[in-house]
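Hi everyone, thanks for coming. I'd like to walk you through one chain today, so please have the viewer open.

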Amino acid sequence: MFNPGPEVTVDERLLHFRGKCPFRQYMPSKPGKYGIKIWAACDARTSYAWNLQIYTGKDASGIPEKKQGKRVVLDMATGLKNKTELPAEMLEMKDRDPLSSKFVFTDTTTLVSYCPRKGRNVMLMSTRHKDAAVSSEKDKKPIIILDYNKNKGGVDTLDKLTATYTCQRMTWRWSSVPGPACLQSSHTERT
């Protein structure tokens, strides 16, 4: 049983796969481009994959999922936190000043809503931070966001580590192209 550290990263990864699969994805921004999309929750320091979820595409109705990012993060964080509800005041963007932050505290959790520009909201939850500290820079980012940006590479490191190893088998395909001498026919006709 692995218990992740205080920094856990949730991100998507693409497991390179070119075979037939009904939920194979095309992601031009990834090095492999085709494969199986997997949501991963990783320990930021060790890159240990603590929780994985395979993305199988749109549901049977064909309607795209709304608020997929929120659902994925809440699913992946199951077991790390108890409450999945967000206060309505944190979601409200009307009359919010750009570069402003709102904080909500419980005994174990801090939730921040940061408004980087008008109409945009970035929300993070932390069990590590206990105050409303913000950066002294001009963007006034909360320290929670700065720590997240510093530690968010857990899934990227997992991608790099797993790309080094493969479970694909070497195969010799029989074709018209001659292969190694041990696979070529040594039969000759006598007259």
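I'll start with the overall layout, then turn to one helix, a few loop residues and the cysteines.

One thing to say up front: this is a predicted model. Residue numbers count from 1 along the chain as its sequence is written.

So, how many helices and strands does the chain have? The secondary structure comes to four helices and seven strands. If you trace along the sequence, you meet them in the pattern β-β-β-β-α-α-β-β-β-α-α.

Now for some totals. The chain has 191 residues, and 26% of them are buried. It exposes about 14300 Å², with carbon and sulfur atoms supplying 54% of that. And if you take the contacts with a separation of 6 or more, 43% are between residues 24 or more positions apart.

Let's go to helix α3, please, which covers residues 143-151. Which residues are buried in α3? They are I144, I145, D147 and N151. Looking down the axis of α3, these buried residues fall within an arc of 160°, so they line one face of the helix. What covers them? The cover includes the strands β1 (8-16), β5 (100-105), β6 (110-115) and β7, and also helix α4 (154-164).

Stay on that helix for a moment and click on N151, which sits in α3. Why does N151 count as buried? Because its relative accessibility is 14%, and buried means under 20%. Setting aside neighbours within four places in sequence, N151 is in contact with E7, T9, A44 and R45.

Next, the loop that leads into this helix. Between β7 (122-126) and α3 you'll find K140. What is the backbone doing there? K140 has a positive phi of about 50°, although it is not a glycine. With a relative accessibility of 45%, K140 counts as partly exposed.

A132 belongs to the loop between β7 and α3 too. A132 is partly exposed as well, at a relative accessible area of 42%. Which residues does A132 touch, apart from its neighbours within four places in sequence? The contacts are F103 and F105. Have a look at S101 too: it lies 31 residues from A132 along the chain, and the two C-alpha atoms are separated by 8.7 Å.

Now let's move to another loop, the one between β3 (34-43) and β4 (49-54), where S47 is found. S47 also has a positive phi, of about 65°, and it is not a glycine. Is S47 buried or exposed? It counts as buried, because its relative accessibility is 5%. So if you put S47 and K140 side by side, S47 is buried at 5%, whereas K140 is partly exposed at 45%.

Last stop, the cysteines, for anyone thinking about disulfides. How many disulfides are there? The count comes to zero, taking a disulfide as a pair of cysteine sulfur atoms within 2.5 Å. Let me show you two cysteines all the same. C21 is partly exposed, with a relative accessible area of 21%. C115 is buried, with a relative accessible area of 0%.

To recap the helix we spent time on: I144, I145, D147 and N151 are buried in α3, and they line one face of it. Thanks for listening, and I'm happy to go back to any residue on the screen.

Methods: This is a predicted model: local features need pLDDT of at least 70, side-chain atom pairs count only at pLDDT 80 or more; totals for chains, interfaces and linings use all residues. Side-chain values use heavy atoms; hydrogens and water are left out. Helices (H or I, at least four residues) and strands (E, at least two) are DSSP runs, numbered from the N terminus. Buried means under 20% relative accessible area, exposed over 50%, partly exposed in between (1.4 Å probe, protein chains only). Contact means heavy atoms within 4.5 Å. Accessible areas come from the Shrake-Rupley method with a 1.4 Å probe; for residues, only the protein chains shown count as cover. The arc is that of the directions from the helix axis to the C-beta atoms.
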